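The exercises below are meant to be worked through with the sequence and the coordinates at hand. Each one sets a task and is followed by a solution in steps.

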Amino acid sequence: MANAVSPPSAPLDSGATPLSAEQRLSFYRTMVLSRAIDERCLSLQRQGRIGFYVPASGQEGAQIGCAAALEPDDWIFPAYREIGLALWRGIPFRTLLDQFIGNAEDIMKGRQMPNHYGFRDKNFVVASSPIGTQITQAVGAAMAIQRRKAATVTATFFGDGATSSNDFHAGMNFAGVFRTPTIFFCQNNQWAISLPRERQTRSSTLAQKAEAYGFPGVVVDGTDVDAVYRAVRSARERAVRGEGPTLIEAQVYRYGPHSTSDDPRRYRADEELQAWKRRDPILRLKELLLSSGQWTEAKDAALLDEVRAQIAQAIEAAEAVPPVAPATLFEDTFARRTPQLEEEKAAFERLVQEGVIRP
Ligand SMILES: Cc1ncc(C[n+]2csc(CCOP(=O)(O)OP(=O)(O)O)c2C)c(N)n1
Ligand SMILES: [Mg+2]
């Protein structure tokens, strides 16, 4: 049960421009929003108001630091725990919640499990639950970027557990051979559901796996948003210069359950969680902001009130929207419906007329 809690130390290229007070404040606001959404969504699920939720508490520093270091056109190939990336890309909580509920305004039209969102206009690909599949896709997309000679990169997100998947190794190998502009961003949150990090691999770090594929791997303290930002920024610069991929292992801890279907008390010790909470990414940034005079406790309390009010308002609005119309089932698969789909649609409409199902 014992996982290392000491902060990782690896030399990072800190050549990137230092962060401004304004940037740090916007990191902080987004991290606080992300944490508050987690708290609220876990209780919405317990109340049966959403069916499923995947919390990211404890991982906000890694997610926001990485998101901020990417450019808006860079491609995101997420797993399923990347809410911070979506928030940083400007997705309102209301849009996420419409998807969690599967209401008529859900951009996924109720066809995806809650938490499995994607945003075409933000180069944010739909969440991948099958472990690792997004990794090879990100490498393929990076090869397309190379052919188009675009100055963008692909960033793919996965956990410690995913480093044991076939796709991780295939993706890393292709990226190394073809020097693709890819950032492999591993959030090592110490657990893959109930399997601890030390049962995942005998390697002392996950980052060192990059060595085998011929490109750099760095370990970064994922509770330090500045450090994550710098690591991703320099990986991005390297990729755009045509020097190829980087694997970044951000060491963090998942505070909550793996998902709302899990109870971590059954497999991990509370002392471990408490030890990591002493290096909480939000508290660390808050202390930095307070000590540099950029923030006050009063502003902090006001921010929390504002964020909670914003969340409450979004919940009220999203819950007032009716469920997605079942007739939308017949849309989108083909440009023109096949004869079989037409038949099914006609049968559906008869059932609606007979009052058996609602339109
Ligand atoms: C191919 C595949 N095998 C198993 C699962 C079940 N599963 C879902 S999440 C998960 C653990 C993933 O852990 P990690 O990669 O560390 O990511 P984390 O959930 O900790 O963010 C597993 C085994 C799956 N979704 N896909
Ligand atoms: Mg994990």
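**Exercise 1. The shell around the ligand**

How many nonpolar, polar and charged residues does the shell around ligand 1 have, by class?

Solution. Bear in mind from the outset that this is a predicted model. Step one is to sort the shell by class, which gives 7 nonpolar, 5 polar and 3 charged residues around ligand 1. Step two is to pick out those of the 15 residues that come nearest to ligand 1, namely Ile 131, Gly 159, Gly 161, Ala 162 and Ala 192. Step three is to ask which elements give two or more residues to this shell, and these are β2 (154–159) and β4 (191–192).

**Exercise 2. The sheet**

Determine the order of the strands in the open sheet and the sense of their pairing.

Solution. Tracing the sheet from one side to the other, one reads β1-β2-β3-β7-β6, an open sheet of 5 strands with parallel pairing. The edges are then found by looking for strands that pair on one side only, which are β1 (75–77) and β6 (217–221). Neighbouring strands of this sheet are turned against each other by 20° on average, with direction ignored. As a closer look at one pair, take β3 (residues 182–188) and β7 (residues 246–251), which are joined in the parallel sense over 6 bridges; within this pairing, Phe 184 stands opposite Leu 247 of β7. As general background, the strands of a sheet pair through backbone hydrogen bonds, in either a parallel or an antiparallel manner.

**Exercise 3. Two residues with positive phi**

For Asn 123, which has a positive phi although it is not a glycine, and for Arg 179, to which the same description applies, find the loop and decide whether the residue is buried, partly exposed or exposed.

Solution. Begin with Asn 123, whose phi is about 50° and whose place is in the loop between α4 (93–101) and α5 (133–148). Asn 123 counts as buried because it has 20 C-beta neighbours inside 10 Å, and the cut-off for burial is 20 or more. Turn next to Arg 179, whose phi is likewise about 50° and which is found in the loop between α6 (166–178) and β3. Arg 179 has 16 C-beta neighbours inside 10 Å and therefore counts as partly exposed.

**Exercise 4. Domains**

State into which domains the protein chain is divided, and how far apart their C-alpha centres lie.

Solution. The division gives domain 1 (21–319) and domain 2 (325–359). The distance between the C-alpha centres of domain 1 and domain 2 is 38 Å.

Definitions and conventions: Residues numbered from 1 in each chain as written. Chains lettered and ligands numbered in written order. Predicted model: local features only at pLDDT ≥ 70, side-chain atom pairs only at ≥ 80, totals over all residues. Pairing = 2+ DSSP bridges. Helix = DSSP H or I, 4+ residues; strand = E, 2+ residues; numbered from the N terminus. Axes fitted to C-alpha atoms, helices over the stretch in contact; angles between N-to-C directions. Near = placed C-beta within 6 Å. Nonpolar A, V, L, I, M, F, W, Y, C, P; charged D, E, K, R; others polar. Buried ≥ 20, exposed ≤ 12 C-beta atoms within 10 Å, placed from the backbone. Domains from an automatic or database assignment.
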